[in-house]
Amino acid sequence: MTIQEKFAGLGIDNAPGQEALQKKEALDLRGEKLLGARVDFSHGDVDAHMPTPGSFDVFKEGFEEGGSQAYTPYRGRKKILDHVAASLSGFTGASIDPEENLILTPGTQGALFLAMGANIMPGDKVAIVEPDYFANRKMVEFFGGQMVPVVLEYENEGGRAGISLESLEEAFKDGVKLFLFSNPNNPVGCVYSYEEITGIAALAKKYGVTLIVDELYSRQVYPGVPYTHLCAQKEIPENLITILGPSKTESLSGFRLGAAFGTAEIIERMEKLQAIMALRCSGYNQAVFLTWFHEPEGWLEARVRAHKEIRDAVMEVIRDVPGVSAKPTEGGSYLFVTIPELDVSIHQFIRIVRELADVIVTPGTEFGPQYVHQFRINFSQDKENAAAAMKRLFAVMERYRKQ
């Protein structure tokens, strides 16, 4: 593989915020442009859902403190590590030693990169879920791993995410060394059941497989949906890393804050990798961790309730369109929308929708090559604007529906 081929696999055209950099191409534009507020469903709108109250004030205090906050140890400043460890222990039920089991990172994306870089050697078999977070497959390939997809039958009924433990065990038997997945799932928003989580943990322990569990949206689970933290179970594998952060539900994405905790040996390798990649989670920004899990009373419940209302409003639009479907989100802010066959490809369609409806979505192929009739939206938007944007999108879609 050449260096050009290595980086060609890291396509970024459809990543959040990158759409404006896409090359112009001739498009089959049919009909007039539909007017309405521009909505970028590739990421959440921090103007519609303001960051945690007090976050800027805490950041300012960290800035004013100067060097002691700017130049922390690579894993993070002790008082902040102590705070985060206590908060995450209380939330997940896992025992976390802030000196041995925790590292602060430049966003959860940074945590994921470090965790994978600390575990994947060239040629290692790495199991991933399809569909799952688009960066997973790219990082596996970048680190030279051999990807082993495990399909998530997410359209199932019965309170399950839809993973086949039998298929997962076959992958483990075949030599998989690492398995990573998000819970709640990104892009579908389904939550793994207790039986699925404990089954995954038991299999990983049996076959000596390392687990990376991305729990970024685990604070935003909707009423009536039970959530199981794998890290808190009695039977867990020897090597386990859990990733969380305050970027999504708390609308703190701009501070790039992430945290990873788990097996001390892996955390140590992640620290060494961070030392040559970014040195540390941005020093001043680390101070904002002090607001995490310490929001005003009722704030988190109101945030989850508001997002449920947006989800329901968007789902109402989806259900009114023949041939279109999406599984209602159980946790997080994503919907994975299936549309009928069109006269154009999914990549052409998302560009057409951007031109004719001023709406930006992410193509399903980012989450698995087979998802050519799907797109993902992040519905963490203004509710009225989100519903109106979806109506415009589907109005444009009708112009391209294959007869």
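**Exercise 1. Determine the handedness of the crossing of α7 and α8, and describe how the two helices pack.**

Solution.
- Handedness: the crossing of α7 and α8 is right-handed. A crossing counts as right-handed if the near helix is turned clockwise from the far one by less than a right angle, and left-handed if anticlockwise.
- Elements: α7 covers residues 165-173 and α8 covers residues 194-207. Helices (H or I, at least four residues) and strands (E, at least two) are DSSP runs, numbered from the N terminus.
- Geometry: the angle is about 15 degrees and the axes lie 10 Å apart. Axes are lines fitted to C-alpha atoms, for helices over the stretch in contact, and angles run from 0 to 180 degrees between N-to-C directions.
- Class: α7 and α8 are therefore roughly parallel to each other. The cut-offs are under 35 degrees for roughly parallel, over 145 for roughly antiparallel, 65 to 115 for roughly perpendicular, and oblique for the rest.
- Contact (heavy atoms within 4.5 Å): from α7, Leu165, Leu168, Glu169, Phe172 and Lys173 take part. Their partners in α8 include Gly199, Ile200 and Leu203.
- Composition: the contact of α7 with α8 has seven nonpolar, one polar and five charged residues. Here Ala, Val, Leu, Ile, Met, Phe, Trp, Tyr, Cys and Pro are nonpolar, Asp, Glu, Lys and Arg charged, and the others, Gly among them, polar.

The model is predicted: local features need pLDDT of at least 70, side-chain atom pairs count only at pLDDT 80 or more, and totals for chains, interfaces and linings use all residues. Numbering starts from 1 along each chain as its sequence is written, and side-chain values use heavy atoms, without hydrogens and water.

**Exercise 2. Classify the packing of α5 against α9.**

Solution.
- Geometry: α5 (residues 107-117) and α9 (residues 264-277) pack at about 120 degrees, axes 9 Å apart.
- Class: that makes α5 oblique to α9.
- Handedness: this crossing is right-handed.
- Contact: Ala111, Phe113, Leu114, Ala115 and Gly117 in α5 meet Met270, Leu273, Gln274 and Met277 in α9.
- Composition: seven nonpolar, two polar and no charged residues make up the contact of α5 with α9.

**Exercise 3. Lay out the seven-stranded sheet and find its edges.**

Solution.
- Order: the open sheet reads β2-β8-β7-β6-β5-β3-β4, with mixed pairing. Strands pair if DSSP finds at least two bridges between them.
- Edges: β2 (102-106) and β4 (146-151) each have a single partner strand, so one side of each lacks a neighbour in the sheet.
- Twist: neighbouring strands are turned by 20 degrees against each other on average, direction ignored.
- Antiparallel pair: five bridges join β2 to β8 (residues 257-262). Leu102 has Phe261 as its bridge partner in β8.
- Parallel pairs: β3 and β5 share four bridges, and β5 and β6 (residues 210-214) share five. Ile128 is bridged to Leu180 in β5, while Phe181 stands opposite Val213 in β6.

**Exercise 4. Decide how enclosed α6 is, and name what covers its buried residues.**

Solution.
- Count: seven of the nine residues of α6 (residues 134-142) are buried, so α6 is largely enclosed by the rest of the structure. Buried means under 20% relative accessible area, exposed over 50%, partly exposed in between (1.4 Å probe, protein chains only).
- Members: among them are Phe134, Asn136, Arg137 and Lys138.
- Cover: α5, β3 (125-130), β4 and β5 (176-182) are included.
- Exit: Gly144, just after α6, takes a positive phi of about 85 degrees.
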